[in-house]
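Please open the model in a viewer and keep the sequence panel at hand. The tour below proceeds by selection, with a short account of what is found at each stop.

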Amino acid sequence: MPAVEASWFVALPDCPAGERVAANLRARARAEVAHPSGRAWLMGVWRTDELLVLDAGRARVVVCGVFRDADVRAASVSARPAELLRAVLPGSFHVAVSHGDGRMSLRGGAHGVRQVFTVSLGGVTVAGDRADVLARLAGARVEPAALAARLLLPSLPQALADTTVWQGVRAVPPGRLLTLTPEGRAGEERWWTPPAEELSVREGARLLSTELRRSVEARARLGPLTADLSGGLDSTSLSLLAHRAGARLTTVSVAGIGDEDMRWATRARSLMPDATHLTLDAAGDLAPCYAELADAWTPPDEPFPEARTQARLRGVARCLAGRGACAHLAGLGGDELFAPAHGYLHDLVRREPLLALRHLSAYRAHHRWRPRQALGLIGGGPGRYAQWLAGQRQGLRANIDYAGPPTSWGYPLRLPPWATGTAAELVCGLIETRLPEIAAHADGRGRHLAVERVRAGARNSRLYGRVFEAEGVRCQVPFFDDTVVDACLRVRSGERFSPWEYKPLLKEAVTGVLPPELLARRTKDETSQDAHDGLRRHRRQLLGLCADSALAALGLIDAETLRATLSGPLPPRLPLAAVTLTLGGEVWLRAQAGRPVTGGGVECGAR
């Protein structure tokens, strides 16, 4: 179990059935907010600086998370509660409104760092911010189909991520608003839509600069703050912004993975002489990749996609907690927002064909794509996203080949070679059940893929944050704040991305914050060798996981095929993520065996 009790909340409908659920929760909850009627509404565990309660006429508004008080109070004065539910403000938080007429509404962020989940208890729908908490309340069992889907390469589509790994527990899709009626029924509506691409890179950089500053300022108030300082553009920008915001700052660099990055991190440190600077040695202070997997604590929500670094991350978090850190700034999200996702060319070629062809030609030369591959990036294919996803059921167990660019709505979905026919059938069934609800995130394939990429990264960051939270440190990812993402999406993609310059939008936004030599950097350390070294070093322990595989017991993988793959060098075309995702699912499922659950479905503890 986590060393520190994690924060959570459950939101109850304003009705007698909700009161019965509240009676069962009071033994675990440490804090409570009532509906205007006096009935229990929000119950859970949270820090006092994470919650703001405002009364607006008959209604009551609660904001839970990281925010700037002045922004929320100003919005609540100028807007009705229903409009506040749709407001895009700096920070990362949930908004809940008890309307005073028996209805309650709840939403998380637009992209999934703050998400909402629901489950039926005692004949009514209740909501919360953690799937595992609701699963325990409902006595839910693991859902094998959702677990199988989390083995998919190159990543789990958001349409399938909205199904949790717990039977009966549902994820409200990011950007949607949940409303519970006095009868305990649930309804949803969209509260966020992608903004129009209307800004030049210079105009967008001014907006992005403002929103990044506001997002970092929202974290500076949390107390002693630590920040990643890898030497890369993303983390260095956040560190310097936090320093400018007056935070009591400690920067954290990890030496021994990328020597060039450390040289740039040292240069950035010289610009923050009054901050504290901590260097951890990857070989001496921290666990290597794939260490301690069999015994490591794992986020309880669902398998951690970055399981290979789980022990290392927890070591960093433990070190920071020992130094009194309250919150930690991570540079996650920079690649999703600023590095080119080549799908934008599909939209660009229809708006500005000459510019698109120039970009395509440059990418083709850089990546050495064949002409047919390059044309597939901007070509037709299935017209609707749901149609494309339905077609993926035919090739789940085909060979993996991601040598060229993605075509149509993304790279083809594949299961790793050790996945069983049962796993493929379960994923096919899951896709089938989801098809009636599936729609593209935005008009235009490139816009859809941009949002999909952000939400995949935000989901991973939510789980990443659980690792830090287990040690009592709040992990903060300002690049995934709704205001920051909106600022990026408003920039015309032909200027936001460039085959000739690295992250041009971010560079323009932090000009004057970063020194010119950092802005001019065109290189990035290559760290995959660290992962391959970890695989070799821990081969015996990883093979031990195959000997009594929980995933094999569910019929999802062939343990002998996995064992054979791990026994030597990985095949050249097999992505490292295939191994990492499977091992993450394995250790997560083993962790559930320590606390068997009840209900219909698969009994986690019965191995």
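A residue is called buried when its relative accessible area is under 20%. The model is a predicted one.

**Stop 1: Ser239 and its surroundings**

Select Ser239, which is placed in helix α8 (residues 233-244). Is Ser239 buried or exposed? With a relative accessible area of 0%, Ser239 is buried. Next, display the side chain of Ser239 together with the backbone of Asp228: a polar atom of that side chain lies 2.9 Å from the backbone oxygen of Asp228. To see the wider environment, add Ala227, Asp228, Leu229, Leu249, Thr251 and Met272, the residues in contact with Ser239 once its neighbours within four places in sequence are set aside.

**Stop 2: the parallel sheet**

Select strand β13 (residues 225-228) and strand β16 (residues 327-329), which run parallel and are joined by 3 bridges. Within this pair, Ala227 stands opposite Leu329 of β16; Ala227 is also among the contacts of Ser239.

Extend the selection to the open sheet of 5 strands, whose order is β15-β14-β13-β16-β17, with parallel pairing. Which strands stand at the edges? They are β15 (276-281) and β17 (474-476); each has a single partner strand, so one side of each is left without a neighbour in the sheet. From one strand to the next, the twist averages 25 degrees.

Now add helix α10 (residues 310-322). Helix α10 lies across β13, β14 (249-255), β15 and β16, and runs at about 145 degrees to β15.

**Stop 3: the antiparallel sheet**

Move to the open sheet of 6 strands, in the order β4-β5-β6-β7-β11-β12, where the pairing is antiparallel. Its edges are formed by β4 and β12 (186-190), each with a single partner strand, so each has one side without a neighbour in the sheet. The twist here averages 20 degrees from one strand to the next.

Select strand β5 (residues 59-67) alone. How many of the residues of β5 are buried? The number is 9 of the 9, so β5 is largely enclosed by the rest of the structure. In a regular strand, the side chains alternate between the two faces of the sheet.

The partners of β5 can be added in turn:

- Strand β4 (residues 51-56) runs antiparallel to β5 and is joined to it by 6 bridges. Leu52 stands opposite Val63 in β5. The hairpin of β4 and β5 has 2 residues between the strands, and Gly57 there takes a positive phi near 65 degrees.
- Strand β6 (residues 91-98) pairs with β5 in the antiparallel sense over 8 bridges. Gly65 stands opposite Phe93 in β6.

From β6, continue to strand β7 (residues 104-107): these two strands run antiparallel, joined by 4 bridges. The bridge partner of Val95 in β7 is Arg107.

**Stop 4: a pair of helices**

Select helix α7 (residues 201-220) and helix α18 (residues 482-489). Their axes are 9 Å apart, and the helices pack at an angle of about 170 degrees. An angle over 145 degrees counts as roughly antiparallel, and α7 and α18 therefore stand in that relation to each other.

Which residues of α7 and α18 meet? On the α7 side they are Leu207, Leu208, Glu211, Leu212 and Ser215, and on the α18 side Thr483, Val484, Ala487 and Cys488. By class, the residues of this contact divide into 6 nonpolar, 2 polar and 1 charged.

**Stop 5: backbone details in three loops**

Select Leu153 and Pro154, which are joined by a cis peptide bond with omega of about 0 degrees. Pro154 lies in the loop between α5 (144-149) and α6 (158-161).

Next, select Ser408 in the loop between α15 (385-391) and α16 (421-434). Although Ser408 is not a glycine, its phi is positive, at about 55 degrees. Ser408 counts as buried at 13% relative accessibility.

Finish with Lys503, in the loop between α19 (493-496) and α20 (504-509). What is the phi of Lys503? The angle is near 50 degrees, a positive value in a residue other than glycine. Lys503 has 1% relative accessibility and thus counts as buried.

Technical notes. Residues numbered from 1 in each chain as written. Predicted model: local features only at pLDDT ≥ 70, side-chain atom pairs only at ≥ 80, totals over all residues. Heavy atoms only, no water. Axes fitted to C-alpha atoms, helices over the stretch in contact; angles between N-to-C directions. Parallel < 35°, antiparallel > 145°, perpendicular 65-115°, else oblique. Contact = heavy atoms within 4.5 Å. Nonpolar A, V, L, I, M, F, W, Y, C, P; charged D, E, K, R; others polar. Buried < 20%, exposed > 50% of the residue type's maximum accessible area, 1.4 Å probe, protein only. Pairing = 2+ DSSP bridges. Polar contact = N/O pair within 3.5 Å; in protein donor to acceptor, adjacent residues only side chain to side chain.
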